[in-house]
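Reader: I have a structure to go through and would like to ask about its fold. Please keep the answers short.

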Amino acid sequence: MPVPHTAFEATTNRALRVFLHGLPGVDEVGARTRAQDLATRSIKTTAKREAIDMAIRMVDLTTLEGADTPGKVRALCAKAALPDPADRTVPKVGAVCVYPDRVATAVEALRGTGIGVASVATAFPSGRAPLEVKLADTRRAVADGASEIDMVIDRGAFLAGDYKKVYDEIVAVKEACGSAHLKVILETGELVTYDNVRRASHLAIHAGADFIKTSTGKVSPAATPPVVLVMLEAVRDHHAATGGRVGVKPAGGIRTSKDAIRQLVMVNEVAGPDWLTPDLFRIGASSLLNDLLMQRTRLSTGTYPGPDYYTLD
Amino acid sequence: MAKQRRTAEAPRPPRLAVRKTYKLYLGGAFPRSESGRCYPVTSTDGDHLANAALASRKDARDAVAAARGAFGGWSSRTAYNRGQILYRVAEVLEGRRDQFAAGAERAQGLSRTAADEIVSAAIDRWVYYAGWTDKVAQVLGGANPVSGPYYNHSAPEPTGVVAVFAPQGAPLLGLTSVLAPVIATGNTAVVVASESAPLAAIDLAEVLATSDVPGGVVNLLTGRVPEIGPHLASHADVNALDLTGAGDLAAEFEEAAAATLTRVLRPGPGADGGEDAWLDPDPGTARMTPFLETKTVWHPIGV
């Protein structure tokens, strides 16, 4: 369904409300059915091998724990650059995603590998902090060398209908990012409805997001297939209306190769094959990478691998 | 509308038969094979008894994943608690002994007396290994004398996921005799039941499912050893193989298992026999030790 992308001035909350509430509603049953239908596609043998390698290149290898030590971040970076030490044909991952105070460690560990460091910022995961704090958080991460910033939107303001506040925050953070890419986390698990997911997606895109991301990974449900479908539709519609390309990053709950391949099928069918690149699609995950590596080994050796042969992370 | 009362002269309609669908036992649930296949099971006289699920490579994969998932919880229970649960299996089996005796009579053409003897022996086997759970550590472990100021202790620990090829000719007592020692010590099991007589195994799974044995500790596949076996033997997440019922393929499986340093128990005497071969009331620790690893701890004296 075409989305009215009329030029509008986001100067008032009213203008934003008129635009966002003017978006067509999401057919909830339809979205679920379509996501389910796409999940039944059979991807086997050579296509599966391609898909696994593609998924590995799209992984944002993530560690976002209070217990993250510099050592753990360095170990993760080593894994990002060489996911399977026993098989050097495995591609590198898309990026490493850490908390802002671990950016310097990650940048140092990844020097020379060509892998970027993504940092969550803006009082992740709740986002409940004054704007100055969020901007300081962002600037510090960029100054330490983060090439991508994952910000969270103010869900409280969004649900209260204060779209202008959400919009202005994204614009301000985008400015603070400078040349770093901005991923905007919608935290769809807290947005309650698919209509809200669509509105938040368009709001973030209009405010200048380079990527829209489903979740922090701290709230369940996270990246469910219908939610990703709605977000992919938003970037597709935005592209149809303006020609601009915005990326999508599902995060949280994608643990198996099967889940990841289903996401890729959805990207191809909804947004189109142009989105099948790490520049426009990423998967935020930590345990997924080991499963991808195991599936890859299974395809090349014909025998089932076990988790004992892969790193604990 | 008032309910119609059946009058005396109207004949009762014949009752519809309730036939059991024999399925797999994976992770505490009874799913069909993911392949949707099944195969006919006949008695030794050739009568059709039922259709059993024909497990595929992917069912075996799922079974290993379920067994791996259950290993942490099962192995960290106290040995005493595992003993209680195994004893519970015996209790529940005792309550259903008629069903198992009738099954053995029908499937294997045994006399009722012989069938009863087999069922009794199977129940006693669970009690036997229930007793062993908290004694095996004393028998196989201990304090070692060392020439230095150290306490030195060895203790047996379960190896992990064990793939068990149950004896082909001994569907109940043979199966019990190979399964109980594996789980008694804290391992979890993926069992490939006798191909020609798998029904007793699924009946036994129903007993396990109602005896506080946590889901995933025992996973039961019915199907063909040549189809499922190679994938279990080469699986890197399987820690040990019991090849009792693997027949001619045992050597091939052992070779595949070597690639991932999997422990192997070769088929012993009686592996090809019927239930009678398993009647020895005191099988000892011989079927437990192959699936245990010895952990040795050194501790300085006086610190």
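Author: What follows is a set of questions and answers on this predicted model.

Reader: Which value does the radius of gyration of chain A have, and does it agree or disagree with a compact globule?

Author: Chain A has 313 residues, and a compact globule of that length would have a radius of gyration near 20 Å. Its C-alpha atoms fill a box of roughly 60 × 45 × 30 Å along the principal axes. The radius of gyration agrees with the globule value, at 19 Å.

Reader: How many helices and strands does chain A have?

Author: Buried residues make up 49% of chain A. Of the contacts between residues at least 6 apart in sequence, 74% join residues at least 24 apart. The elements of chain A are 12 helices and eight strands.

Reader: Is strand β5 of chain A largely enclosed or not, and how many of its residues are buried?

Author: Strand β5 of chain A covers residues 181-185. It pairs in the parallel sense with β4(A), residues 148-152, over five bridges, and in the parallel sense with β6(A), residues 211-213, over three bridges. β5(A) is largely enclosed by the rest of the structure, because its buried residues number four of the five.

Reader: What is the bridge partner of K183(A) in β6(A)?

Author: On the β4(A) side, V152(A) stands opposite I185(A) of β5(A). On the β6(A) side, the partner of K183(A) is F211(A).

Reader: Which helix does the chain pass through from β5(A) to β6(A), and what is the hand of the crossover?

Author: The two strands pair in the parallel sense. The connection is a β-α-β crossover, and its helix spans residues 194-207 of chain A. The helix is α9(A), and the crossover is right-handed.

Reader: Which helix gives the most to the largest nonpolar core?

Author: The largest nonpolar core has 94 residues, and A55(A), V96(A), V184(A) and A204(A) have the most contacts inside it. Eight of its residues come from one helix, residues 225-242 of chain A, and that helix is α10(A).

Reader: Which residues does V96(A) contact beyond its neighbours within four places in sequence?

Author: V96(A) is among the residues with the most contacts inside the largest core. Its partners are L61(A), L76(A), C77(A), A80(A), A106(A), L110(A), I115(A), V117(A) and A118(A).

Reader: Is P100(A) buried or exposed?

Author: P100(A) lies in the loop between β2 and α5 of chain A. It touches S119(A), A121(A), D137(A), R140(A) and A141(A), leaving out residues up to four places away in sequence. A residue counts as buried with 20 or more other C-beta atoms within 10 Å. P100(A) has 21, so it is buried.

Reader: Where in chain A does P221(A) lie, and is its peptide bond with S220(A) cis or trans?

Author: Most peptide bonds are trans. P221(A) lies in the loop between β6 and α10 of chain A, and omega from S220(A) to P221(A) is near 0°. That bond is cis.

Reader: Is T45(A) buried or exposed?

Author: T45(A) has a positive phi of about 40° although it is not a glycine, and its place is in helix α3 of chain A. A residue with 12 or fewer C-beta neighbours within 10 Å counts as exposed. T45(A) has 8, so it is exposed.

Reader: How many residues of chain A are in contact with chain B?

Author: The side of chain B that touches chain A has one nonpolar, three polar and two charged residues. Those six residues of chain B meet chain A residues numbering seven.

Terms used. Residues are numbered from 1 along each chain as its sequence is written. Chains are lettered from A and ligands numbered from 1 in the order in which they are written. This is a predicted model: local features need pLDDT of at least 70, side-chain atom pairs count only at pLDDT 80 or more; totals for chains, interfaces and linings use all residues. Two residues are in contact if their C-beta atoms, placed from the backbone, lie within 7 Å. Ala, Val, Leu, Ile, Met, Phe, Trp, Tyr, Cys and Pro count as nonpolar, Asp, Glu, Lys and Arg as charged, and the others, Gly among them, as polar. The radius of gyration is taken over C-alpha atoms; the globule rule is 2.2 Å times the number of residues to the power 0.38. Two strands pair if DSSP finds at least two bridges between them. A crossover is right-handed if, with the strands pointing away from the viewer, the path from the first strand over the helix to the second runs clockwise. A nonpolar core is a set of buried Ala, Val, Leu, Ile, Met, Phe, Trp, Tyr and Cys residues joined through C-beta atoms within 7 Å.
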